[in-house]
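Here are some short exercises to help you find your way around a new structure. Try each task yourself, then read the worked solution below it.

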Amino acid sequence: MTAVLEVRDLTVRFRNGKRLTSLVEGVSFTVRRGGCLGILGESGSGKSMSCKAVLGLLDDNFQVEGSALFEGRQLLGEHPEVLRRLRGGRIGVVLQNPMSCFDPLYRIGEQMAETLAEHTRLSRNGIRKKSLELLDLMRIRSPEDVLRKYPHQLSGGMLQRVMIGLALSLRPALIIADEPTTAIDSISQYSIMQEFLRIKQAGETALIFISHDLGVLSLIADEVMVMHGGTAVESGPAARIFAEAQDAYTRHLIRQHKAVMSRFLSAIHQRPEVAA
């Protein structure tokens, strides 16, 4: 598979006066077309920070070093306007809290139209037709009604589907999903994961899926990179890491996941006591 994104020796430091604090140190990874890299780690491990640095989403308080080649183009140090256009076009981004990604003052249809107008040459009628097609693709019922609604009138799961649909509409080479199932209920989590699996099975787009949930990554990731304290402590094929983790921190995460699943299965299979 062709490499879509190659990151080498990525380092991120935060400037506090004359002092530099290391947040990410020497991280390297590759994402290939049709494949999914899962980035696993607890809060503060540096997994989201790494992707924000690659996408140019950090301000001048951060010092970013290393290399990030996207389709052969160096992203680090690229002009902000170029990066902004890439983020909306060739690189799709799906974030953790869908509600924060929509303006509460504008209807869903207006916000979808703004995105499509920015990145396509569709006419006004073409944009409306495309918006309805996207909602239908994401299996959202009554798409005409949804276009007229405000963000607060939709569930988190529906908003997440709208975000995924918009990302797909621009035919990105890469989608970065940062904890996309964390802020929604379990039923919506399942449906959103099905959408990501459909994207992966199509084989046209590379995926980076960031999560602290080992169970979620086991469903979709081909490769896994485990981050802890700003460094990549282990990486490789998902099946090998989940079965034969070498790093102590990775084994700790796997033990935690198994313990939670064991308690869950025990609870649902426990028979209620019968009164004498």
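**Exercise 1.** Is Ser131 buried or exposed?

*Solution.* Keep in mind that you're looking at a predicted model. Start by locating the residue: Ser131 sits in helix α4. Next, check its relative accessible area, which is 3%. The cut-off for buried is under 20%, so Ser131 is buried. Finally, look at what surrounds the residue. Skipping neighbours within four places in sequence, Ser131 is in contact with Met112, Leu116 and Leu147.

**Exercise 2.** Work out how helices α3 and α4 are arranged and which residues bring them together.

*Solution.* Two packed helices are described by the angle between their axes and the distance between the axes. Step one is to find the helices: α3 covers residues 108–119 and α4 covers residues 124–137. Step two is the geometry. The angle between them is about 115 degrees, and their axes lie 10 Å apart. That makes α3 and α4 roughly perpendicular to each other. As for handedness, α3 passes α4 in a right-handed crossing.

Step three is the contact itself. On the α3 side you'll find Met112, Ala113, Leu116 and Ala117, while α4 brings Ile127, Lys130, Ser131, Leu134 and Leu135. Sorted by class, that contact has 7 nonpolar, 1 polar and 1 charged residues.

**Exercise 3.** Now do the same for α4 and helix α6.

*Solution.* Helix α6 spans residues 156–169. The axes of α4 and α6 come within 9 Å and cross at roughly 120 degrees. The range for roughly perpendicular is 65 to 115 degrees, and α4 and α6 are therefore oblique to each other. Their crossing is right-handed.

Who makes the contact? Lys130, Leu134 and Leu135 come from α4, and Val162, Gly165, Leu166 and Ser169 come from α6. By class, the residues of this contact divide into 4 nonpolar, 2 polar and 1 charged.

**Exercise 4.** Which residues does Met138 touch beyond its sequence neighbours?

*Solution.* First, place the residue: Met138 is in the loop between α4 and α5, with α5 running over 143–148. Then check its exposure. At 2% relative accessibility, Met138 counts as buried. Now list its partners, leaving out neighbours within four places in sequence: Arg161, Ile164, Gly165, Leu168 and Glu195. One more distance to try on the screen: Met138 and Ser191 are 53 residues apart along the chain, and their C-alpha atoms are separated by 9.8 Å.

**Exercise 5.** Go back to α4 and describe the surroundings of Arg128.

*Solution.* Arg128 is found in helix α4. Its relative accessibility is 40%, so Arg128 counts as partly exposed. Apart from neighbours within four places in sequence, Arg128 is in contact with Glu144 and Leu147. To see how the chain brings one of these partners in, compare two separations: Arg128 and Leu147 are 19 residues apart in sequence and 9.1 Å apart in space, C-alpha to C-alpha.

**Exercise 6.** How many residues of helix α1 are buried?

*Solution.* Helix α1 takes in residues 47–55, and 7 of its 9 residues are buried, leaving the helix mostly covered. The buried ones are Lys47, Ser48, Ser50, Cys51, Ala53, Val54 and Leu55. Look just past the helix too: Gly56 follows α1, with a positive phi near 75 degrees.

**Exercise 7.** Look at the backbone of Asp9 and Glu179. What is the sign of phi in each?

*Solution.* Begin with the background: most residues other than glycine have a negative phi. Asp9, in strand β1 (residues 3–16), has a positive phi near 50 degrees. Glu179 also has a positive phi, near 50 degrees. You'll find Glu179 in the loop between β7 (174–178) and α7 (186–202). With a relative accessible area of 7%, Glu179 is buried.

**Exercise 8.** Zoom out and sum up the protein chain as a whole.

*Solution.* Count the elements first: the chain has 10 helices and 10 strands. Its radius of gyration is 20 Å, close to the 19 Å that the globule rule gives for 276 residues, so the chain is as compact as a globular protein of that length. The C-alpha atoms fill a box of roughly 65 × 60 × 40 Å along the principal axes. Buried residues make up 42% of the 276. Last, take the contacts with a separation of 6 or more: 66% of them link residues 24 or more positions apart.

Methods
Residues are numbered from 1 along each chain as its sequence is written. This is a predicted model: local features need pLDDT of at least 70, side-chain atom pairs count only at pLDDT 80 or more; totals for chains, interfaces and linings use all residues. Side-chain values use heavy atoms; hydrogens and water are left out. Axes are lines fitted to C-alpha atoms, for helices over the stretch in contact, and angles run from 0 to 180 degrees between N-to-C directions. Helices (H or I, at least four residues) and strands (E, at least two) are DSSP runs, numbered from the N terminus. Angles under 35 degrees count as roughly parallel, over 145 as roughly antiparallel, 65 to 115 as roughly perpendicular and the rest as oblique. A crossing is left-handed if the near helix is turned anticlockwise from the far one by less than a right angle, and right-handed if clockwise. Contact means heavy atoms within 4.5 Å. Ala, Val, Leu, Ile, Met, Phe, Trp, Tyr, Cys and Pro count as nonpolar, Asp, Glu, Lys and Arg as charged, and the others, Gly among them, as polar. The radius of gyration is taken over C-alpha atoms; the globule rule is 2.2 Å times the number of residues to the power 0.38. Buried means under 20% relative accessible area, exposed over 50%, partly exposed in between (1.4 Å probe, protein chains only).
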